[in-house]
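Trainee: Hi! Could you walk me through this structure?
Mentor: Happy to, let's take a look together.

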Amino acid sequence: MLSFKIKDVLILHDKKSVTVLDEQDRIVGETKKTTVPGNEKGTTFVFEQEGVRATLGIKKGRLLFAAYRFQLNGEEFQLKDNKLNSVLYFCVSGTIHGKIWHIEENWDQEIEVSVDGKKVALIKPKSFLGADLLIDAEASRHPLLFSLTCLMYFMLKIYREETEFIEDVMEEFL
């Protein structure tokens, strides 16, 4: 597995980017907030790396569970919160190019990325200042997998903010 770092900032403004660094602290990609028609405001991010531009965001119209739109090189893929598991922890799944993808939080509050049952990446969030990414060497060269893994970190942050808000509201009523 190869190691990368997402160097997050406290507040991501439209003009600021979050960098992804390799093991030698060289920038390999950048992520920024963006807007995409049909997605919720403030939930869409773009990842750019050596000519690759990928976007991931939450589609408008959700009640409780999110549907995600991932776009790369003119193709669009749909992923969804797993309705059984997402109540308890971050869990997204979908089919991309005929392969089943699972992006799921483990007991250590890390995110495991699996394709057809094979673990290909691990996102290890650090409090609020970024994450470490461990990605299978072969998978790290695959733009779809690499960009989706990097962008899922931001969906995890949204999920955690929303669940914290819901927990706070529930405490007020109980």
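Mentor: We'll go through the strands, the core and the aromatic rings.

Mentor: One note before we start: this is a predicted model, where local features need pLDDT of at least 70, side-chain atom pairs count only at pLDDT 80 or more, and totals for chains, interfaces and linings use all residues. Residues are numbered from 1 along each chain as its sequence is written, and side-chain values use heavy atoms, with hydrogens and water left out.

Trainee: Okay! How many strands close into a barrel?
Mentor: Twelve, in the order S1-S2-S3-S4-S5-S6-S7-S8-S9-S10-S11-S12, with antiparallel pairing. Strands are DSSP runs of E with at least two residues, helices are runs of H or I with at least four, and both are numbered from the N terminus. Two strands pair if DSSP finds at least two bridges between them.

Trainee: Which residue is the bridge partner of Phe70 in S7?
Mentor: That's Phe77. Strand S6 (residues 67–72) and strand S7 (residues 75–81) pair in the antiparallel sense over six bridges.

Trainee: New topic: which residues touch the most other members of the largest nonpolar core?
Mentor: Tyr68, Phe70, Phe90, Met152 and Met155, out of 45 residues in that core. H2 gives the largest share, 13 residues. A nonpolar core is a set of buried Ala, Val, Leu, Ile, Met, Phe, Trp, Tyr and Cys residues joined through side-chain atoms within 4.5 Å.

Trainee: Is Ser147 buried or exposed?
Mentor: Ser147 is buried, because its relative accessibility is 0%. Buried means under 20% relative accessible area, exposed over 50%, and partly exposed in between, using a 1.4 Å probe and protein chains only. Ser147 is found in helix H2. Leaving aside neighbours within four places in sequence, Ser147 is in contact (heavy atoms within 4.5 Å) with Phe47, Ala54, Phe70 and Leu72.

Trainee: And what about Cys150, where does that one lie?
Mentor: Cys150 lies in helix H2 too. Its C-alpha is 7.7 Å from that of Ile6, although the two are 144 residues apart in sequence.

Trainee: Last one: how many aromatic pairs are there?
Mentor: A search of the whole structure finds six. The rings of Phe45 and Phe154 have centres 4.8 Å apart and planes at 25 degrees, so that pair is stacked. Rings of Phe, Tyr and Trp (its six-membered ring) pair if their centres lie within 6.5 Å; planes under 30 degrees apart count as stacked, over 60 as edge-to-face and the rest as tilted.

Trainee: Where do those two sit?
Mentor: Phe45 is in strand S4 (residues 44–49) and Phe154 in helix H2 (residues 143–173), 109 residues apart.
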